[in-house]
Amino acid sequence: MKEFNLTTKMRSYVWDELTDEQRALIEVAKEQTDRSYCPYSHFHVGAAALLANGEVIRGCNQENAAYPSGLCAERSALFAAGAQYPDQPVKKLAIACFTGGHFTKEPGAPCGACRQVMLETEHRYEGQMEVLLYGEEATYVFDSAADLLPLIFVSENLKG
Ligand code: THU
């Protein structure tokens with residue numbers, strides 16, 4: 001038996017420490033929480049993807065009475081980006097969560113399925129995608145989606 005520690009890296013920033021570009025993208029993600037369709041959870045999630053050509057693609061969670069038919073904010077943004085600009089790498093992805101009348105103090109953690117899709121996005125465009133998780137008290141910054149998902153499953157794994 002061998003035991004391994006899988007380590008990962010993130011940084012925590014207060015608002016003033018972020019760059020203008022990061023703050024602008026987060027503002028879009030925050031705005032998007034207002035467009036979320038979440039009549040079941042009342043948990044509003046907004047996402048904003050910055051593409052290499054400077055376009056910002058918006059997403060937010062879309063719920064459904066048949067619960068599994070809904071989609072998270074992150075995937076709605078990344079899939080929209082892929083549909084509208086298939087040739088443009090996604091450089092940054094910002095996410096914000098709003099519930100109970102305020103943005104969450106701590107950043108929301110993306111679900112496993114969204115992490116998997118973030119990772120595929122990085123591999124698809126062969127470059128790192130910065131992930132910004134906004135919270136009122138701190139914003140977590142990941143240089144790469146891979147830092148959110150150690151021991152990854154990507155297309156190479158299908159080859160065995
Ligand atoms: N949600 C997201 O949009 N992103 C995540 O990464 C986690 C959860 C949404 C799904 C659902 O509409 C609501 O938050 C509650 O789970």
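The ligand in this predicted model is surrounded by ten residues if you count along with me: S41, F43, V45, N61, E63, C72, A73, E74, P110 and C111. By type, that shell divides into 6 nonpolar, 2 polar and 2 charged residues. The charged ones are E63 and E74, and the polar ones are S41 and N61.

Now the polar contacts. Which residues place an N or O atom by an oxygen atom of the ligand? I will take three. For E74, the side chain does the work: one of its N or O atoms is 2.7 Å from a ligand oxygen. For A73, the partner is a polar backbone atom, 2.9 Å from an oxygen of the ligand. C111 also uses a backbone N or O atom, and the distance to a ligand oxygen is 2.9 Å.

How much of the ligand does the protein bury? Taken alone, the ligand exposes 370 Å², and the protein buries 74% of that. As for where the ligand sits, the place is the largest pocket.

Next, the aromatic rings. The count comes to 4 aromatic pairs. One of them is Y40 with Y67. Their ring centres are 5.5 Å apart and their planes stand at 45 degrees; an angle under 30 would count as stacked and one over 60 as edge-to-face, so this pair is tilted.

Where in the chain do these two tyrosines belong? Y40 is in the loop between α1 (20-32) and β2 (44-51). Y67 is in the loop between β3 (56-60) and α2 (73-84). The two residues are 27 apart, and the pair links distant parts of the chain.

Key:
Residues are numbered from 1 along each chain as its sequence is written. This is a predicted model: local features need pLDDT of at least 70, side-chain atom pairs count only at pLDDT 80 or more; totals for chains, interfaces and linings use all residues. Side-chain values use heavy atoms; hydrogens and water are left out. A residue is near a molecule or strand if one of its heavy atoms lies within 4 Å of it. A polar contact is a pair of N or O atoms within 3.5 Å; within protein, one must be able to donate a hydrogen and the other to accept it, and residues adjacent in sequence count only if both atoms are side-chain atoms. Accessible areas come from the Shrake-Rupley method with a 1.4 Å probe; for residues, only the protein chains shown count as cover. On a 1 Å grid over the protein atoms alone, a cavity is a set of points where a 1.4 Å probe fits but cannot get out, and a pocket is an open set with protein on both sides within 12 Å along at least five of seven lines; lining residues have an atom within 4 Å of a point. A molecule sits in a cavity or pocket if more than half of its atoms lie within 2 Å of its grid points. Rings of Phe, Tyr and Trp (its six-membered ring) pair if their centres lie within 6.5 Å; planes under 30 degrees apart count as stacked, over 60 as edge-to-face and the rest as tilted. Helices (H or I, at least four residues) and strands (E, at least two) are DSSP runs, numbered from the N terminus.
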